[in-house]
Amino acid sequence: MNGHARNMLWQAHRTQPTAMVLLTLILLAMNEFGNGTAQCIEKSCSKNLHKGIKLSKFVKRATAELIKTYQAAQGNFAEQFCTMSMDSMPSSTLWGSSPAERLQSAYIRLTELLPHVTMVLQQQSDLNPYLGSLLSDLARLVIHGRHLALRLSCILQKLQPNVALPEPAVGPTALLPPQNIFQQKVYGCAVLTRVQKLTLLTARELKSLRGQCTDKT
Amino acid sequence: MLTLFLYYRCQNYKKFKSKSNNLQCIALQKGKRVSPNLTCHWDPGEHAPDSNTSYILYAQYSYKKLANNLTVDLGSFPIYMETKVWVEVKNELGSVNSTELLAHAECFVKPNPPSNVMLIPEANFSMSLIVNWTHSFYLKLKYNIRYCQAGSSVWNEVPQSATESYIESFRLQFLQPYTDYVVQMRCINQKGIGYWSDWSPNATARTPEAKPESKSDLWRVYEEKNNTVVKLIWKDPVKSNGKILGYNITVEENGVSAERHVVHSKEHQLHIKGEKMFIRMTAHNSAGVSPVASLVVPRSMLRAGAEQVRWSVRDGQLWVDWLPPSGSKWLLRVFEYVLEWVSVPEGKRDCRKSWPKKKSPLRGPSVEATETQKTVFHLKWEEIPVTSQRGFLTNYTIFYKTGDNEQCKRNWLSPTKCYFTLTELASASRYVVCVMASNMEGSVNGSESILYTKYGMYFVKIKNHFWPHIPNPSHSTIANWSPDCPTRLPDLSIMEVGMFDGKSLCEEDKTVLPLKKDKYFSEEHSSGIGGSSCMSSPRQSVSDNDEGDSCQTTASTMQYSSVVASGYKGQTPSLQAPVFARSESTQPLLESEEHPEHLLEGSRHWTSGQGIEQQQMQEGKSSYNSLNFCPVAKKKYTPTLTEDPPGLTPCYMPQQSGH
């Protein structure tokens, strides 16, 4: 894990960490997603848009609750963790001159951030594998984030059928420097905060695209 | 093989293959989220699966044999994602896929009922209650509220359009004041997709009180023989809207100043002083006062009433119809009727009874004898309860029988009389008597009673021969012993009895036993019993039966009362000094024994009693002479049996009881 510090005390007490099960699911999901086996079943642009808005709002709410859960699990000075910034992760800002371009940037940002959420899950599991709901919530965030990314890709295929989707960066988390425990705590909150902001921006962009869909279905 | 992304559409199905039918899936709420467990079930179709058939539910990899429902753990419920589900059926011959379900994942969600549902009354809002609940799901929901009055099975449902928004409270309006209401809620995805939750548990509350909306029903009842006394009766207002705490009655009579009464019962008695009274009444609860009920009560009671009052029973309901009082003046004046009825077992009014379904009586009456005589029974029985009559009684029938004789019966047609006198019975006989009650539907016998007629004269003769009567000292008078005492009587133990007050001599005997040997009533003379009974001097006596707890004595001992020299208990001694003659009997000699002619004279001291005794009186002297029978004392005498040496002629004034 890139030399990140681990809590050796918990290492001796591990039996069947739930995080491993969740990570397996996440990896499989990522694999399928990366292989393109996920299909855009819903053909309607407007319905895809509608579901995308709902899903992005859902992920935003879930992330906001997850941040509270995360802070509660970090012990002392937890509120300060989330006020510090870190540069070792993608930003949540969008770029582009058109809504479609900005939506595309949102797709890229999301696909770049989700591996960092997986990293946070791994680190938190190493720090305390019995954190319970925090780990499962982090795993769910990854899954729902993947769903949102798939939704965005389906929308973009409808809006820009002739524009190829950019491929997500390979192993973005491999470039992370080793972190101590304090840094991991700060890192985790920073990732979650950026995901929350990104999903908020995504929902806005999706809403602005409501008139863009030409299909009536 | 793993399929993570599953695509559903709630309403559109893509039928690729149709080997399994009615595939349905459901995911329940768990905490604030949807459970990752998706349970699907389907109809296996026409061909029953054999032991080698297996099913694979493709939502997430899951395998189960011979199942028609499977649950898969999706890890995280794919909210807002299209999901496709199908079942693969496989056996040794091959495999086939079921119809696919394709829908949004929310289509499978069944939320829990709304939590913390409460019904809250508000002061001063008597027709309203607030329903409160809390959201407990991450999906937005809409709600459905239904309510009813406690005890009713008819629910009123709030239009769903009123509770579509994401709210946590709602106000129920146009309710009845002071009434208990029950509320239930359920919820569903705000889009109306998926499954409705179950109804929540009941929440109950009572609306606050409001002032009565209607007036009391007020009426008057005149005393039967006095038109100046009237009783006001009333019922609570139909719309009391609360607990009635009391009533205010205002009385005005011919300009006389109004009286005011505060009453807490439902009736009130008044005296009419003038020609008529004006009554005004209100009922009040904690919220206010009812409208005024008024009544004019004239001194003279209206005589005309409704005519041709008839009743009938239809479909378990009692119908009453009538005609207005005849005469034009009543037609103009009558504007209201009062129908009065009472549950017969509780009331004493002579009102008509009715039974929706008539049957034979449930049970017959128990008969008893108020008086028994030699050949007569005076019988009575209680009227059986109305609820046991089950129809109008037509008559009672009395059955009575003695020994092996034929049973007799007596009929009469009046079911209102519960008594009868049986005559011409055999004396000294045992009778079995019972009463049968009859109505149009049948009859039923009451319980049997064993009754005995009294003994006749002959029995008394026999009885007195063997069980002589003990004289009653209260009926004796002072007498002098004749010094010529022919025989010496066997030793007898005699006893003085102290002054008694007319109680049973047996009891009196007990209280005075044993007498002290040196006790001596100076003014008394013994009545001459025992060996020295011829003595003229008084003597004291003691009884062998000092323990004396039995009224019966043996032949060798006798207890008697002393003869009082002077007026005892007001009885004046006879003017004629009685002379006693000795008899062989060990019984005390009394005046009546000495002079039989004094029997009738003595009879003036007592009155006729029971039939037997009366007969003896009536038979008079002749029968007495033939029986050497002494008249008995007063009524209700029950002679006890005491032994007497055979051959002696029993002739005693019987005591009240006992010896």
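B:Val432 sits opposite B:Ile450, a residue of strand 35 in chain B. Strand 35 pairs with strand 33 (residues 430–439) of chain B through four bridges, and the two run antiparallel. Keep in mind that this is a predicted model. Below is a quick tour of its strands, a nonpolar surface patch and some salt bridges.

**Strand 35 and its two faces**

- Strand 35 covers residues 449–452 of chain B, and its side chains alternate along the way.
- B:Ser449 and B:Leu451 point to one face and are buried.
- B:Ile450 and B:Tyr452 point to the other face and are not buried.
- So the residue facing B:Val432 across the pairing, B:Ile450, belongs to the pair that is not buried, since buried means under 20% relative accessible area.

**A three-stranded open sheet in chain B**

- Strands 28, 29 and 32 of chain B make an open sheet in the order 28-29-32, with antiparallel pairing.
- Strand 28 (367–372) and strand 32 (419–422) are the edge strands; each has a single partner strand, so one side of each has no neighbour in the sheet.
- From one strand to the next, the twist averages 30°.
- Five bridges hold the antiparallel pairing of strand 28 with strand 29 (residues 377–381) of chain B.
- One of the bridge pairs there is B:Val367 with B:Trp381, the latter in strand 29.
- As general background, strands of a sheet pair through backbone hydrogen bonds, in either the parallel or the antiparallel sense.

**A nonpolar patch on the surface**

- B:Val309, B:Trp322, B:Tyr337, B:Leu339 and B:Trp341 make up a nonpolar surface patch, together showing about 530 Å² of accessible area.
- B:Trp322 belongs to strand 27 (residues 317–323) of chain B.
- With a relative accessibility of 31%, B:Trp322 counts as partly exposed, because that class lies between the 20% and 50% limits.

**Salt bridges**

- Over all chains, the whole structure has 16 salt bridges.
- In general, side chains of opposite charge can pair when their charged atoms come close.
- A:Glu205 bridges to A:Arg102, with the closest N and O atoms 3.1 Å apart.
- A:Glu205 is in helix 7 (residues 181–208) of chain A and A:Arg102 in helix 5 (residues 99–127) of chain A, so this pair ties together parts that are 103 residues apart in sequence.
- A:Glu205 is buried at 13% relative accessibility, whereas A:Arg102 is partly exposed at 24%.
- B:Arg171 and B:Glu122 meet through their side chains at 2.4 Å, N to O.
- That pair links distant parts of the chain, 49 residues apart: B:Arg171 is in strand 16 (residues 169–172) of chain B and B:Glu122 in strand 12 (residues 115–122) of chain B.
- B:Arg171 is partly exposed with 32% relative accessible area, and B:Glu122 is also partly exposed, with 22%.
- B:Lys273 and B:Glu259 form a salt bridge at 2.7 Å, N to O.
- Here the two residues are 14 apart: B:Lys273 is in the loop between strand 23 (267–271) and strand 24 (276–284) of chain B, and B:Glu259 in strand 22 (residues 256–263) of chain B.
- B:Lys273 is exposed, with a relative accessible area of 59%, while B:Glu259 is partly exposed at 29%.
- A:Asp137, A:Arg140 and B:Arg33 are linked in a salt-bridge network.

How values were computed. Residues numbered from 1 in each chain as written. Chains lettered and ligands numbered in written order. Predicted model: local features only at pLDDT ≥ 70, side-chain atom pairs only at ≥ 80, totals over all residues. Heavy atoms only, no water. Pairing = 2+ DSSP bridges. Axes fitted to C-alpha atoms, helices over the stretch in contact; angles between N-to-C directions. Patch = residues over 30% accessible without salt bridge, like charges linked within 9 Å, V, L, I, M, F, W, Y side chains within 5 Å. Areas by Shrake-Rupley, 256 points an atom, 1.4 Å probe, with all protein chains shown as cover. Salt bridge = Lys/Arg side-chain N within 4 Å of Asp/Glu carboxyl O. Buried < 20%, exposed > 50% of the residue type's maximum accessible area, 1.4 Å probe, protein only.
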